[in-house]
Amino acid sequence: MLTQPIRKSFDIGNGRQATIETGRLARQADGAVTVTMGNCILLATVVAAHEPKEGQNFFPLTVDYQEKFASAGRIPGSFFKREGRLSDYEVLISRLIDRALRPLFPEDYLCDVQVLVTLISSDNEVMPDSMACLAASAALAVSDVPIQEIISEVRVARIDGKFIVNPNRTELGTADLEFMIAATEKNIMMVEGEASECSEEDLITALEIAHDAIRIQIKAQKELWELAGSKHKREFTKPGQDDELKAKVDSFTQAKIYEVAKGALSKHQRSDKFDEIKEALVEHLKLEYKVQEGEELDEKIEKLAMKYYHDLQYYVVRDMILNDRVRLDGRGLEDVRALDMEVDVLPSPHGSALFTRGETQSLTTVTLGTPLDELLIESAATSEYSKFILHYNFPPFSTGEVKPMRGPGRREVGHGNLALRSLKEMMPTGVDFAYTVRIVSDILESNGSSSMATVCAGSLALMDAGVPISKHVSGVAMGLITKEGKFAVLTDILGDEDHLGDMDFKVTGTRDGICGVQMDIKVDGLPMDVMRQALQQAKRGRFHILDAMYNCTAEPRSEVKPHAPRMIKMFIDREFIGAVIGPGGKVIQEMQRETGTTINIEEKNNMGEVSVFGTNKEGVQKAEQWIKGIVAVPVVGDVYEATVKSIMPFGAFVEFLPGKQGLVHISEVSWKRLETLEGILKEGDKVKVKLIGTDPKSGKFKLSRKVLLPKPERQDRPQDKPAGA
């Protein structure tokens with residue numbers, strides 16, 4: 001018999017109730033909860049190994065978020081009709097949960113932990129991703145897995161000027177600002193989101209509103225933990241320590257590390273020098289521990305020594321930056337590395353750019369496609385098409401490494417998404433721009449924020465392709481180091497500086513505001529004034545890069561490149577869709593064959609949306625005029641260029657608009673009286689005609705050629721002349 005479940009309900013905002021429940025499902029997991037709001041139900045489970053693996057020196061946390069299609073009463077569209085590997089959408093949510101949870105665990109906790117969050121019931125209006133981290137944290141809270149704090153995560157959106165916590169799906173569609181924010185009771189932990197050029201102060205406001213809502217959710221989790229019996233956290237095996245060895249490592253390497261750190265070396269030079277210190281350290285320890293010549297240092301001692309060495313390197317570099325106000329490569333705190341950028345670097349792609357910042361380089365291309373190239377994005381509750389696609393590739397040679405190529409990992413998906421949501425804010429929409437656009441960023445060299453290089457290169461490549469974006473978008477990666485009241489904000493951080501900071505954050509935007517944000521905050525009690533200063537410094541760095549981008553190319557091409565496809569979009573009355581397609585597709589197939597274009601017709605909002613795509617400008621224009629002719633309503637008195645289709649004894653049938661024929665009676669061909677049209681007109685002739693009326697009974701069109709010809713002057717016959725003339 002199932003035990004009685006334990007529940008805790010709370011107001012999630014705007015009078016909406018959410019319920020956390022434990023003790024009913026997945027009872028063999030170390031911790032399991034469901035979170036319910038409306039018809040949306042998430043199941044979160046956590047299981048942790050009791051001992052770390054032999055030789056383990058890192059924390060192996062696995063977080064997977066998955067949506068079951070059955071939760072929405074749907075069958076997956078794949079060949080196997082079952083859920084497969086995680087979609088990019090699910091990977092992105094998994095990353096949001098992972099980034100928020102990881103700092104909760106003790107630094108010396110090295111046991112495997114697996115957190116699974118599954119959507120088991122879907123609600124069309126409830127966004128499950130905004131509750132996924134709440135579910136994961138609650139599962140950890142009721143378990144005995146050792147965590148230091150409880151957290152939660154909410155979405156904050158601004159809709160019609162008002163900030164709303166966890167808006168429903170319909171409301172979110174009209175938001176001009178959207179951020180996912182995770183926090184403990186005291187501190188903001190993680191921020192990710194996008195905005196339509198919001199200010200830095202708007203972001204601060206969103207953080208404060210989110211934190212108030214998160215505190216309510218944390219309180220509910222604590223109360224659930226108490227109701228469930230206040231389970232104590234398990235003891236765990238901590239890595240061994242050797243204070244004597246640590247002292248030996250510190251005394252031998254500290255000055256050497258500082259000397260290299262302040263040497264303003266390149267990435268590989270610095271790496272080589274640090275490797276030399278490690279090699280010298282091993283030889284020094286062999287002497288200290290009296291290792292016989294030809295023998296190796298004890299493996300456990302060497303591993304522990306390397307840990308102490310890397311820990312010391314971390315603190316020495318941080319102290320150098322805080323005290324000397326100088327960076328690893330010799331820059332000041334606000335200096336951006338040397339910039340170099342170029343557009344139109346590749347002859348065949350529709351748009352291309354090469355962006356280099358220091359030792360980070362992105363080669364980015366833009367490809368223009370048809371509506372048939374749109375990307376289908378499916379989740380349990382939605383199935384939508386996107387006409388803007390961005391793919392980010394990070395090959396191993398970009399960091400001088402040898403690794404197997406296994407397709408994009410979670411890091412690539414996350415970095416690409418940040419660049420996509422930043423550039424998406426400037427993309428044109430509507431009838432005037434019907435292309436599907438795919439951006440591909442290939443990182444050729446990396447030493448600090450290749451995702452921000454992707455944003456800059458993507459913006460340049462879009463302008464090179466003739467995509468009518470209104471403004472450039474740039475991005476910069478920032479770092480923050482704090483210690484005992486001192487702090488240093490770093491602009492354009494290096495790869496080596498990335499893990500040093502207490503707050504790593506990336507900010508993208510135009511000269512008018514922020515378009516994208518990604519933050520991971522690791523320090524307790526970070527004052528909002530410090531964050532404001534960091535955001536203002538990021539703004540100055542962003543503007544510096546924007547100035548260089550505008551100097552490279554200030555506006556989009558006036559039209560797409562000659563070898564790029566042409567695309568026009570037009571709307572026709574719904575009643576004409578059949579006429580454009582024709583019986584069995586005869587008309588549209590003929591148009592495509594004759595003009596060398598691809599034509600796509602969809603019914604939207606009781607109108608026909610027609611997209612014409614072709615590599616030849618003249619062909620696209622010809623198809624456009626053809627379609628306009630089909631849907632045009634003939635007007636009596638208008639003149640048309642007609643084609644003779646058939647000759648009859650009584651006149652000629654001509655096509656004066658695509659799909660519309662009328663009769664030019666033999667009496668309307670010429671001012672002269674004609675017995676036959678032989679020698680006057682033949683099939684295929686082009687002739688100007690005027691619509692002079694319609695038959696009142698049949699509705700057939702009556703046309704005239706002669707009214708467009710000069711009327712001959714009348715000549716009097718002899719018998720008509722006056723006598724004596």
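Which helix lies across S11 and S12? Helix H11, residues 528-552, does, running at about 35° to S11. This is a predicted model. The points below cover a five-stranded sheet, the helices that lie across the sheet strands, a buried glutamate and helix H14.

**The sheet**
- The sheet is open and has five strands, in the order S11-S12-S13-S17-S16. Its pairing is mixed.
- Strands S11 (339-343) and S16 (388-393) form the edges. Each has a single partner strand, so one side of each is left without a neighbour in the sheet.
- From one strand to the next, the twist averages 15°.
- S11 and strand S12 (residues 351-357) run antiparallel and are joined by five bridges.
- Within this pair, Asp340 stands opposite Thr356 in S12.

**Helices across the strands**
- H11 lies across S11 and S12.
- Helix H8, residues 410-424, lies across S16 and strand S17 (436-445). H8 runs at about 140° to S16.

**H1 against H8**
- Helix H1 spans residues 88-101. The axes of H1 and H8 come within 9 Å and cross at roughly 95°.
- The two helices are therefore roughly perpendicular to each other.
- On the H1 side, the meeting residues are Asp88, Val91, Leu92, Ser94 and Arg95. On the H8 side, they are Arg410, Arg411, Val413, Gly414, His415 and Asn417.

**Glu194**
- Glu194 is found in strand S10, residues 188-198.
- Is Glu194 buried or exposed? Its relative accessibility is 10%, and buried means under 20%. Glu194 therefore counts as buried.
- Its side chain makes a polar contact with the side chain of Lys424, at 3.1 Å.
- Leaving aside neighbours within four places in sequence, Glu194 is in contact with Leu177, Glu178, Phe179, Arg421, Lys424, Glu425, Cys515 and Gly516.

**Helix H14**
- H14 has 15 residues, 617-631. At 1.5 Å a residue, the helix should span 21 Å. Its end C-alpha atoms are 22 Å apart, which agrees.
- At the start of H14, a side-chain oxygen of Asn616 reaches to within 2.9 Å of the backbone nitrogen of Glu618.
- Which residues of H14 are buried? They are Gly619, Val620, Ala623, Glu624, Trp626, Ile627, Gly629, Ile630 and Val631.
- An α-helix has 3.6 residues a turn, so residues three or four places apart point the same way.

Methods
Residues are numbered from 1 along each chain as its sequence is written. This is a predicted model: local features need pLDDT of at least 70, side-chain atom pairs count only at pLDDT 80 or more; totals for chains, interfaces and linings use all residues. Side-chain values use heavy atoms; hydrogens and water are left out. Helices (H or I, at least four residues) and strands (E, at least two) are DSSP runs, numbered from the N terminus. The expected span of a helix is 1.5 Å times one less than its number of residues. Buried means under 20% relative accessible area, exposed over 50%, partly exposed in between (1.4 Å probe, protein chains only). A polar contact is a pair of N or O atoms within 3.5 Å; within protein, one must be able to donate a hydrogen and the other to accept it, and residues adjacent in sequence count only if both atoms are side-chain atoms. Two strands pair if DSSP finds at least two bridges between them. Axes are lines fitted to C-alpha atoms, for helices over the stretch in contact, and angles run from 0 to 180 degrees between N-to-C directions. Contact means heavy atoms within 4.5 Å. Angles under 35 degrees count as roughly parallel, over 145 as roughly antiparallel, 65 to 115 as roughly perpendicular and the rest as oblique.
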